[in-house]
Amino acid sequence: MAAAGAADPAKARAQLEASGRFTIPPVWYEIPVYYKCNRMSVVGPDEEVIWPHYAHVLDYELELAAVIGKRGVDISRERAREHIFGYTIFNDVSARDYQMREMTGSLGPAKGKDFDTGNILGPCIVTADEIEPYSLTMTARVNGEQLSRGSSSTMHHRFEDCIAHVSQSETLYPGELICSGTVGGGCGLEHGRLLAPGDTVELEIEKIGVLRNRIVKRG
């Protein structure tokens with residue numbers, strides 16, 4: 001974030017990485033740590049994404065989402081796939097400056113992630129019988145320029161692991177979504193290219209389609 005606006009972005013990025021600020025903690029590898037987004041802020045394809053007034057740095061996140069289709073609690077990893085109805089694309093729009101600030105409080109993101117139009121799904125749901133979720137090419141374009149390219153095969157915690165973890169002593173209901181987290185290289189922060197008002201973001205996942213939205217700043 002800070003590196004992108006520096007006079008020498010590469011040098012600034014190297015300094016940030018050397019500081020350990022972006023070091024992944026061991027617990028991330030041990031369990032699928034997650035946060036819950038605001039279901040009331042969800043929008044669909046071709047909707048405008050309204051820039052939150054308190055943020056200065058906005059970013060996209062390219063994610064694959066599994067849609068729960070069968071209610072369950074304490075679901076085993078072996079039976080987790082039975083609870084997936086299908087898959088779609090998720091753009092977890094993030095106010096990076098606010099996210100970085102609030103997470104120094106050792107709690108999950110809140111206003112860094114949750115604001116009206118900040119959670120985007122679409123363009124459709126592909127049913128689970130039609131798709132193998134762990135071999136999909138995932139790309140992101142901003143104003144037609146490809147910035148991100150990755151694969152769902154690189155997921156460290158698969159949906160089966162996530163469902164088993166989340167459903168411990170907690171009922172999952174049809175219509176809930178479990179998202180993959182950002183695919184490797186799947187956000188602008190990793191490329192030194194943050195969003196600007198007027199940008200059009202296109203997230204594409206093989207066999208699902210393209211999720212397209214325009215960033216709008218009001219006032």
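A salt bridge here is a side-chain nitrogen of Lys or Arg within 4 Å of a carboxyl oxygen of Asp or Glu. The views below come from a predicted model, in which the count comes to 16 salt bridges by this rule.

**View 1. Asp-199 and Arg-193 joined by their side chains.** The N-to-O distance in this salt bridge is 3.1 Å. Look at the two partners in turn: Asp-199 has a relative accessibility of 6%, and it counts as buried because that value is under 20%. Arg-193, at 25%, is partly exposed.

**View 2. A network of five residues: Asp-59, Glu-61, Asp-92, Arg-96 and Lys-113.** Here salt bridges share partners, and this sharing joins the residues into one network.

**View 3. A salt bridge between Lys-36 and Glu-170.** The closest N and O atoms of this pair lie 3.1 Å apart. It is worth tracing the chain here, as the pair links distant parts of it, 134 residues apart. Lys-36 sits in the loop between helix H2 (27-30) and strand E1 (42-43), while Glu-170 belongs to the loop between helix H4 (159-166) and strand E10 (177-179). Lys-36 has a relative accessible area of 55%, so it is exposed, the cut-off being over 50%. Glu-170 is partly exposed, with 25%.

**View 4. Glu-82 meeting Arg-79.** The side chains form a salt bridge with an N-to-O distance of 2.9 Å. Both ends of the pair can be checked for exposure: Glu-82 is partly exposed at 40% relative accessible area, and Arg-79 is partly exposed at 48%.

Technical notes. Residues are numbered from 1 along each chain as its sequence is written. This is a predicted model: local features need pLDDT of at least 70, side-chain atom pairs count only at pLDDT 80 or more; totals for chains, interfaces and linings use all residues. Side-chain values use heavy atoms; hydrogens and water are left out. Helices (H or I, at least four residues) and strands (E, at least two) are DSSP runs, numbered from the N terminus. Buried means under 20% relative accessible area, exposed over 50%, partly exposed in between (1.4 Å probe, protein chains only).
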